[in-house]
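The following account leads the reader through a protein–DNA model, beginning with a single contact and proceeding to the arrangement of the chains.

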Protein chains: 2
Amino acid sequence: MTFSVAATTTAAVAPPPMPAPQTRGVETVTGRCAGCSARSKGLCGALTAGDLPNLSTTSRPLDLLSATPVVMEGEEAGAVFTVMSGMLKLYKTLPDGRQQITGFATAGDVIGLAVGTGYAYTAETVTASTVCRMPRTALRRLMERHPAVQGRLLAMTSVELSAAQDQILLLGCKTAVERVSSFLLALSRRSRPLADGTPSVFLPMPKVDIGAYLGLRPETLSRVLRKLEGAGAITRLTNDRIRIENPAALEAAA
Amino acid sequence: MTFSVAATTTAAVAPPPMPAPQTRGVETVTGRCAGCSARSKGLCGALTAGDLPNLSTTSRPLDLLSATPVVMEGEEAGAVFTVMSGMLKLYKTLPDGRQQITGFATAGDVIGLAVGTGYAYTAETVTASTVCRMPRTALRRLMERHPAVQGRLLAMTSVELSAAQDQILLLGCKTAVERVSSFLLALSRRSRPLADGTPSVFLPMPKVDIGAYLGLRPETLSRVLRKLEGAGAITRLTNDRIRIENPAALEAAA
DNA sequence: GGGTCCGGTTGATCCAGATCAGGGCGGGTC
DNA sequence: GACCCGCCCTGATCTGGATCAACCGGACCC
């Protein structure tokens with residue numbers, strides 16, 4: 001689960017990057033995947049340029065507003081999606097409505113991989129995002145033809161599993177301060193520092209979502225952030241950006 | 001993470017099933033893997049009988065007493081292990097000693113798959129167990145030669161990931177009663193019912209380990225079990241066996 | 001402008017589960 | 001037999017974070 005965020009908060013959707021899905025010859029179609037900014041990070045990084053035209057015929061980029069559902073827990077898993085830009089939240093819901101966010105997906109992440117026939121979680125955009133849709137059958141054929149794709153998928157799933165186990169440790173053992181500190185540190189490792197070189201994190205999602213990820217109420221999250229700020233570990237620049245003043249202090253708290 | 005337990009609690013180790021690791025010809029070596037009870041469930045189920053002799057030269061079964069560490073978090077991941085019988089606990093440790101059990105491994109489960117170079121968790125037997133050791137390099141060669149093995153590994157990792165996300169939901173949202181009920185139901189689905197047909201679960205691990213898996217103290221676990229018994233949902237037959245009297249009541253509580 | 005809504009923050013209070021403390025029991029050893 | 005030790009259970013008390021309630025400020029709409 002990566003966190004290298006680079007998205008607008010609640011902006012309108014940019015116009016589609018391609019003229020239209022009309023046939024314009026293989027050259028143009030190849031260009032769509034060849035120019036994909038998420039390709040090196042995502043599933044398709046395992047393919048060579050020569051394979052891309054074929055890929056372009058089965059995959060389609062989609063531009064989505066914020067708060068748009070992409071896959072729904074339990075629904076038949078007909079396709080997988082690669083995030084090209086923006087951010088999504090993945091969550092599971094209990095019958096009585098309680099929700100647990102299991103992760104946030106950003107550029108390069110693949111969502112919608114299912115064990116059985118149904119999606120294991122719901123995925124919904126938190127900012128305007130672009131995702132690339134690939135039918136499940138196309139993915140299966142791609143894996144059969146290119147074992148490297150399967151290897152890539154295995155590597156990505158293994159990383160996800162490891163992240164999930166870290167989250168189990170966080171939810172099972174850690175205190176509120178430790179959870180927030182761990183979260184901020186994990187984010188800061190994946191985001192670029194500010195112009196002056198100090199590390200910072202961008203939090204485009206609402207506080208209630210961060211809480212639902214960390215197993216905390218938004219009130220508790222707010223109090224912990226105040227405490228960390230009072231201790232000189234962080235500074236809240238705006239509502240959605242925090243500067244890490246003292247990584248060592250956060251490390252000690254996590 | 002499967003739970004179909006069938007193991008002695010703290011018994012002595014059975015004598016090695018094979019005469020000795022001396023060379024006795026391909027026939028016998030083939031026999032070792034061909035007769036492996038965990039083969040269909042484990043990684044090697046993706047192989048045909050003809051591939052087994054080669055497998056036997058790189059893999060070795062190991063008989064282990066209870067409370068024996070198999071892999072240690074952070075150590076270099078030189079091999080993977082398939083559980084043939086018994087039960088292991090997998091856990092992560094915080095610097096101050098707090099431990100979170102991320103899962104229990106039983107026959108067919110593969111442990112020790114690592115993303116980077118180091119194991120992500122510690123694995124330790126909770127009952128006397130038999131595991132099959134395969135060097136990492138041998139696994140890599142096996143995957144290169146047999147894409148089906150890689151597919152199997154991907155499927156197994158995906159199931160693990162899904163189970164980990166369920167555990168995140170449990171730890172992030174559920175109450176103590178809900179956690180224990182979910183746990184008992186998950187176990188009962190994977191174990192055989194008693195002779196009279198009522199479902200039951202076998203809990204060879206100490207209560208403190210179940211607590212460490214569910215994010216609860218053993219005192220709380222004890223109180224919850226008493227409560228469930230008082231409500232007529234379960235009966236404690238012995239210290240390590242519980243009969244599910246009313247699956248619907250557990251379902252409602254979970 | 002004024003109104004409403006929503007996300008965030010802060011304060012007061014509550015409670016589920018942790019912690020602390022004591023006791024029972026079965027297995028192992030001498 | 002007596003003793004010890006580990007595991008489990010139970011009761012009393014404590015507390016971290018949830019819950020309840022109120023307020024603030026910015027975005028949006030009329």
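How far does a polar side-chain atom of B:Arg236 lie from a phosphate oxygen of DNA strand D? In this predicted model, the separation between the two atoms is 2.3 Å. Two further residues of chain B make contacts with phosphate oxygens of this strand. An N or O atom in the side chain of B:Arg226 is 3.0 Å from a phosphate oxygen of DNA strand D, while B:Lys207 places a backbone N or O atom 3.1 Å from a phosphate oxygen of the strand.

Two elements each give two or more residues to the surface near DNA strand D: helix 7 (218-230) of chain A and helix 7 (218-230) of chain B. Helix 7 of chain B provides the largest share, with 4 residues.

The surroundings of the strand may now be considered as a whole. There are 16 residues around DNA strand D, and those that come nearest are A:Ala176, A:Thr220, A:Arg223, B:Arg223 and B:Arg236. Of the atoms of DNA strand D that come within 4 Å of the protein, 74% belong to sugar and phosphate. By residue class, the surface near DNA strand D comprises 8 charged, 5 polar and 3 nonpolar residues.

Finally, the relation between the two protein chains can be described. A turn of 180 degrees, with a shift of 0.0 Å along the axis, lays chain A on chain B with an RMSD of 0.0 Å. The two copies are therefore related by a two-fold axis. Both copies use the same surface, since 100% of the contact residues of chain A recur in chain B.

Notes
Residues are numbered from 1 along each chain as its sequence is written. Chains are lettered from A and ligands numbered from 1 in the order in which they are written. This is a predicted model: local features need pLDDT of at least 70, side-chain atom pairs count only at pLDDT 80 or more; totals for chains, interfaces and linings use all residues. Side-chain values use heavy atoms; hydrogens and water are left out. A residue is near a molecule or strand if one of its heavy atoms lies within 4 Å of it. A polar contact is a pair of N or O atoms within 3.5 Å; within protein, one must be able to donate a hydrogen and the other to accept it, and residues adjacent in sequence count only if both atoms are side-chain atoms. Ala, Val, Leu, Ile, Met, Phe, Trp, Tyr, Cys and Pro count as nonpolar, Asp, Glu, Lys and Arg as charged, and the others, Gly among them, as polar. Copies are superposed by least squares on the C-alpha atoms of residues with pLDDT of at least 70 in both. Contact means heavy atoms within 4.5 Å.
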